[in-house]
Amino acid sequence: MKISATVTLKKEVLDPQGKVINQTLKNMGYKKVINVRQGKFFDIELDETDREKAKVVAEEICKKLLTNVVIEDYTITLK
Amino acid sequence: MKSSVIVFPGSNCDRDIAVALEKFKIKNQMIWHAESSLPKSDLVVLPGGFSYGDYLRTGCIASKSRIINDVIKHAKNGGLVLGICNGFQILIEAGLLPGVLLRNKKLKFLSKNVFLKITDIKNRFCSGYSKKKKIELPIAHNEGNYFANGEILKKLVDQNLIAFKYCDAEGNITEDSNPNGSSMNIAGILNNEKNILGLMPHPERSIDPLLSAEDGSLMFNSLLKSY
């Protein structure tokens, strides 16, 4: 089973890198860009065929390692 | 007094802190992160550096090391734990201190001396600072911007768990003297029981008048005095 996880900073947490990217895009002429938030993307290959079980493991991995739940949110996609 | 300095791949202030501990006659051992048990220690130090190249999040991978289970046990039993810079980041990732350390507000690695106000002296790390209005210590970090929600910040204030705040040369806590954007100018915090201290500045780099200054020495003196 292939799983992808996206980790992003929570809305209320300042994202200085996203801010700089946002500003740079504006400087490059992309005037319609309103906001940018930077995040992380993980491709995980899991030796599991049961979707429900895979989802449980993925949730656990996200909570225990891939995110700091104080400042980050995650979304999981099963393929 | 006996201490253990935990060494991770990428630690680079481990020898500095060892020199400091030895100078104050604290019997120190270097402990590799993959060890499963701590030798008998009164103080455990998590040193500065870039453990695991700051992969994923600063301090995150190190906080899952085998030895950390024993460090947590040591801390829960009331043993002293000091986390300096990357060590502070590891303590937070291990859940031993609240909040999080974000990237510096201005996105720049900071390496300079800063002034600090000691905002709590009723703990075993800071008792020796009672006569100091402010001190000067070096900082060297990219992720030192302390962030926590209002509830945590309120608790830190109410229970006097903030040990150090960035200030100016006169000891005033101002926005201009905050180098990295930390909430409330926080530079170092304690746990509820005040046996764990995490701070971004480096006391171990300020123990010798020939090389720098001695404001860091007072922390080691405080620890010895409390022993």
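Two strands pair if DSSP finds at least two bridges between them. Keep that rule in hand for these exercises on a predicted model.

**Exercise 1.** Find the order of the strands in the open sheet of chain B, then name its edge strands.

*Solution.* Start with the order. Nine strands of chain B line up as E2-E1-E3-E4-E11-E10-E9-E6-E7. The sheet is open, and its pairing is mixed. Now look for strands that pair on one side only. These are E2 and E7 (135–141) of chain B, the edge strands. Last, add the twist: from one strand to the next, it averages 25°.

**Exercise 2.** Work out in which sense E10 and E11 of chain B pair, and over how many bridges.

*Solution.* Locate the strands: E10 of chain B covers residues 186–190, and E11 of chain B covers residues 196–199. Their pairing is antiparallel, over three bridges. Check one position: B:Leu199 in E11(B) is the residue opposite B:Gly188.

**Exercise 3.** Determine which strands helix H2 of chain B lies across, and which strands H3 of chain B touches.

*Solution.* Take H2 (residues 68–76) of chain B. This helix lies across E1 (2–7), E3, E4 (80–84) and E11 of chain B. H2 runs at about 125° to E4(B). Next comes H3 (residues 86–93) of chain B, which packs on the sheet and touches E3, E4 and E11 of chain B. The direction of H3 makes about 120° with that of E4(B).

**Exercise 4.** Decide whether B:Ala34 is buried or exposed.

*Solution.* Place the residue: B:Ala34 sits in the loop between E2 (27–32) and E3 (43–46) of chain B. Count its neighbours: 11 other C-beta atoms lie within 10 Å. A residue with 12 or fewer is exposed. Therefore B:Ala34 is exposed.

Note on methods. Residues numbered from 1 in each chain as written. Chains lettered and ligands numbered in written order. Predicted model: local features only at pLDDT ≥ 70, side-chain atom pairs only at ≥ 80, totals over all residues. Helix = DSSP H or I, 4+ residues; strand = E, 2+ residues; numbered from the N terminus. Buried ≥ 20, exposed ≤ 12 C-beta atoms within 10 Å, placed from the backbone. Axes fitted to C-alpha atoms, helices over the stretch in contact; angles between N-to-C directions. Contact = placed C-beta atoms within 7 Å.
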